[in-house]
Each structure stands twice: as C-alpha cells, then as structure tokens.
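Thank you for asking for a reading of this model. The points below are numbered so that each can be checked against the structure in turn.

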Amino acid sequence: MAKMATSVKINDELKDRIQHLAGLRRRSPHWIMREAISQYVEREEKREAFRQETLHAWERFKETGQHVTMDEVDAWLQKLETGKNVNPPECHD
C-alpha cells in the first residue's frame with residue numbers, strides 16, 4: 001500500500017496532549033495521530049454503512065409494507081435470552 005505524506009494543522013493544546021499521550025504509551029506522536037485517524041475512519045465507515053442499510057430498509061418498507069412489530073421482536077429476544085435457539089419472526093403486511 002502506498003503511503004502519502006500530508007499535514008494537519010492542530011492547535012498547541014491538542015499537540016501537547018498528543019505528545020503527552022505518546023510519551024505515556026511509549027509511541028511517537030505520529031503513531032498516535034495515525035491510529036486516531038484510522039479508528040475514526042473505521043468507525044465512521046461502519047456508521048455510514050448502517051445509515052445506508054437503514055435507508056434501504058425504509059425504502060423497502062415503503063414499497064412492500066413488510067414489517068415485524070416491536071412486540072414480535074421483543075418476544076423473540078426474550079426466547080433468545082433464555083437460551084432457546086429460535087428463528088427471528090417473519091415479516092408480514
């Protein structure tokens with residue numbers, strides 16, 4: 001994977017906090033910043049994927065009317081909590 005150099009402008013307070021944390025972790029400030037960016041991007045990608053799935057599910061519901069009630073899901077989850085291996089409830093109109 002190719003690496004590219006970039007720059008990020010941060011204020012002195014954040015720079016000091018990064019340097020302090022890097023010292024505590026025995027890592028370089030560069031490593032701390034790369035790790036923070038990597039974790040942020042991964043979290044936001046997952047959040048966006050969830051958002052897209054939600055939008056897709058809403059569109060599908062509007063097209064088909066298929067749904068499961070909260071009571072049906074609640075009953076299913078209660079069975080799972082007791083250790084029963086049960087299938088999720090079926091969607092219906």
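1. At the start of helix 1, a side-chain oxygen of Asn11 comes to within 3.3 Å of the backbone nitrogen of Glu13. Please keep in mind, here and in every point that follows, that this is a predicted model, and that the values quoted are computed from it.

2. Helix 1 itself covers residues 12-25, and its length can be checked in a simple way: at 1.5 Å a residue its 14 residues should span 20 Å, and because its end C-alpha atoms are 20 Å apart, the expectation and the model agree. Helix 1 is followed by Arg26, whose phi is positive, near 55°.

3. Arg26 deserves a look of its own, since it is a residue other than glycine and yet has a positive phi. As background, most residues other than glycine have a negative phi. Arg26 is placed in the loop between helix 1 and helix 2, and with a relative accessibility of 78% this arginine counts as exposed.

4. Helix 2 can be put to a similar length check: it has 36 residues and reaches 52 Å from its first C-alpha to its last, which is close to the 52 Å expected at 1.5 Å a residue. The residue that follows helix 2 is Gly65, and its phi is also positive, near 75°.

5. How many salt bridges does a search of the whole structure find? The search returns five, and three of the pairs are described in the next points. In general terms, side chains of opposite charge can pair when their charged atoms come close.

6. One of these salt bridges joins Glu42 to Lys46, with the closest N and O atoms 3.4 Å apart. The two residues are four apart in helix 2, which spans residues 29-64, so that about one helical turn separates them. The general rule behind this is that an α-helix has 3.6 residues a turn, so residues three or four places apart point the same way. As for their surroundings, Glu42 is partly exposed at 43% relative accessibility, whereas Lys46, with a relative accessible area of 55%, is exposed; the cut-off that divides the two classes is 50%.

7. A further salt bridge is formed by Glu44 and Arg47, and here the closest N and O atoms are 3.1 Å apart. Glu44 and Arg47 are three residues apart in helix 2, so about one helical turn lies between them. Glu44 counts as partly exposed, its relative accessibility being 22%, and a residue would have to be under 20% to count as buried. This pair does not stand by itself, for Arg43, Glu44 and Arg47 are linked in a network of salt bridges.

8. Arg51 and Glu48 also meet through their side chains in a salt bridge, at 3.1 Å from N to O. They too belong to helix 2, where they are three residues apart and thus separated by about one helical turn. Both partners are partly exposed: Arg51 has a relative accessibility of 42%, and Glu48 has a relative accessible area of 34%.

9. Which residues make the nonpolar surface patch of about 300 Å²? They are Val8, Ile10, Leu14 and Met33. Val8 is found in the segment before helix 1 and counts as exposed at 57% relative accessibility, while Leu14 lies in helix 1 and is partly exposed, with a relative accessible area of 33%. Although Val8 and Met33 are 25 residues apart along the chain, their C-alpha atoms are separated by 9.8 Å.

10. Turning last to the chain as a whole, there are three helices and zero strands, and from the N terminus on the elements run α-α-α. The radius of gyration is 23 Å, well over the 12 Å that the globule rule gives for 93 residues, so the chain is more spread out than a compact globule. Along its principal axes the C-alpha trace spans about 55 × 35 × 30 Å. Of the 93 residues, 3% count as buried, a class that requires under 20% relative accessible area.

Definitions and conventions: Residues are numbered from 1 along each chain as its sequence is written. This is a predicted model: local features need pLDDT of at least 70, side-chain atom pairs count only at pLDDT 80 or more; totals for chains, interfaces and linings use all residues. Side-chain values use heavy atoms; hydrogens and water are left out. A salt bridge is a side-chain nitrogen of Lys or Arg within 4 Å of a carboxyl oxygen of Asp or Glu. Buried means under 20% relative accessible area, exposed over 50%, partly exposed in between (1.4 Å probe, protein chains only). The expected span of a helix is 1.5 Å times one less than its number of residues. A polar contact is a pair of N or O atoms within 3.5 Å; within protein, one must be able to donate a hydrogen and the other to accept it, and residues adjacent in sequence count only if both atoms are side-chain atoms. Patches are made of residues with over 30% relative accessible area and no salt bridge: like charges are joined within 9 Å, nonpolar side chains (Val, Leu, Ile, Met, Phe, Trp, Tyr) within 5 Å. Accessible areas come from the Shrake-Rupley method with a 1.4 Å probe; for residues, only the protein chains shown count as cover. The radius of gyration is taken over C-alpha atoms; the globule rule is 2.2 Å times the number of residues to the power 0.38.
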